[in-house]
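Q: Got a minute to go through this one with me? Let's start with the ligand and then move to the annotated site.

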Amino acid sequence: SHCAAKATSSTRPPRQLSVDYYARKCPQLEQLVGSVTSQQFREAPVSGPATIRLFFHDCFVEGCDASILISTNPGSKELAEKDAEDNKDLRVEGFQTISKAKDLVERKCPGIVSCADILAIAARDYVHLAGGPYYQVKKGRWDGKISMASRVPYNIPRANFTIDQLLKLFNSKGLTLEDLVVLSGAHTFGFAHCKQFVSRLYNYRGTKQPDPGMDPRLQKALTMSCPQFGGNSDIIAPFDVTTPFLFDHAYYGNLEAKLGLLASDQALFSDPRTKPLVLQLGQDKKRFFQAFSIAMEKMGSIGVKRGRRHGETRRVCSMHT
Ligand code: HEM
Ligand SMILES: [Ca+2]
Ligand SMILES: [Ca+2]
């Protein structure tokens with residue numbers, strides 16, 4: 001009847017992604033993206049961590065909709081997401097990867113594939129290229145119409161967040177305590193600027209002492225690159241002192257050894273809710289890889305859009321259509 005029809009249309013099933021979404025319209029999509037990511041990876045390995053972080057920052061603001069890729073309109077008062085303070089340190093290599101892949105995909109399958117899906121595929125490619133797991137990527141995300149710097153701050157976690165703050169934010173995205181621990185494992189590669197951890201090196205919480213949760217040898221080494229005041233703001237340190245370019249489970253072993261770089265990393269080991277999982281993942285690479293694949297799929301489906309009302313398919317990822 002009339003009422004039943006109305007009920008179905010307003011309670012549509014959750015927007016679903018699928019592995020074979022482009023099977024008919026762009027069957028060679030993954031190869032096209034793969035040719036770009038493998039070349040970029042050879043020429044600039046930092047493209048890996050750069051792109052995975054880009055994907056994370058995209059999904060946490062407005063959902064996985066490529067809102068992070070939009071450039072601020074010259075002359076506009078409102079800044080786009082990528083120009084927000086918390087996104088300033090996203091490396092260009094991530095943006096370049098997506099722009100190159102999109103150019104190639106547009107040549108072969110014009111007007112078909114969203115930038116959001118290309119970002120999800122490229123992130124997976126780099127995880128695998130760096131030695132991590134290979135997992136299928138579900139597709140069907142539309143690109144978003146909104147990109148506002150003002151929506152970034154309360155959606156992106158900070159290096160000094162407590163586990164309570166991290167959990168609250170992750171829960172608000174539909175992610176669990178386990179997802180938080182597992183996804184933080186992405187800090188198995190890549191780098192952070194001194195300002196993100198310098199508060200742990202000299203005067204931790206006003207004690208005039210370093211953070212007791214940091215190994216003294218790591219603390220010493222980091223003070224060499226990061227002076228308390230007036231250092232070079234371009235200096236970076238690896239998240240994983242043992243294998244900074246390899247996607248492995250060393251991150252968790254490092255936390256056990258007090259070698260976590262950010263306070264938010266080391267907090268995963270000091271909090272009794274997350275410590276058991278850190279210990280397990282540190283001992284079991286296979287388990288970490290499986291869990292990471294599942295958690296990336298979950299993160300990759302946050303706030304997914306479908307249809308013209310909320311979405312668009314861009315020709316150029318940095319510009320709305
Ligand atoms: C749990 C909360 C998290 C916090 C507080 C956090 C914070 C940070 C910070 C401060 C940096 C350094 C930025 C810089 O100085 O340039 C960074 C880098 C990075 N983050 Fe996270 N992050 C978190 C979760 C994640 C997640 C979930 C992922 C991906 C799944 C991720 C992937 C990365 C990667 C790969 C880098 C290195 C980027 C590069 O070298 O270019 N992070 N993160
Ligand atoms: Ca987004
Ligand atoms: Ca590593």
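Q: How do the residues of the shell around ligand 1 divide into nonpolar, polar and charged?
A: In this predicted model, the shell has 14 nonpolar, six polar and four charged residues. Nonpolar means Ala, Val, Leu, Ile, Met, Phe, Trp, Tyr, Cys and Pro, charged means Asp, Glu, Lys and Arg, and the others, Gly among them, are polar.

Q: Which residues are the closest to ligand 1?
A: Asp 89, Ala 186, Gly 190, Ala 192 and His 193, out of 24 that surround it (C-beta atom, placed from the backbone, within 6 Å of the ligand). Numbering runs from 1 along each chain as its sequence is written, and ligands are numbered from 1 in the order written. Totals for linings use all residues, while local features need pLDDT of at least 70 and side-chain atom pairs 80 or more.

Q: Why does ligand 1 lie between the two domains?
A: Because domain 1 (13-156 + 300-312) and domain 2 (163-298) both give residues to its shell; the bounds come from an automatic or database assignment.

Q: OK, the binding site. What does UniProt cover there?
A: The unreviewed entry's "binding site" annotation covers Thr 188, Asp 240, Thr 243 and Asp 248, though annotations may be inferred rather than shown by experiment. They're spread over 61 residues of sequence but cluster in space, with a largest C-alpha distance of 9.8 Å.

Q: Is Asp 240 buried or exposed?
A: Buried, because 24 other C-beta atoms lie within 10 Å (20 or more is buried, 12 or fewer exposed, in between partly exposed, with C-beta atoms placed from the backbone).

Q: And Thr 243, buried or partly exposed?
A: Partly exposed, with 17.
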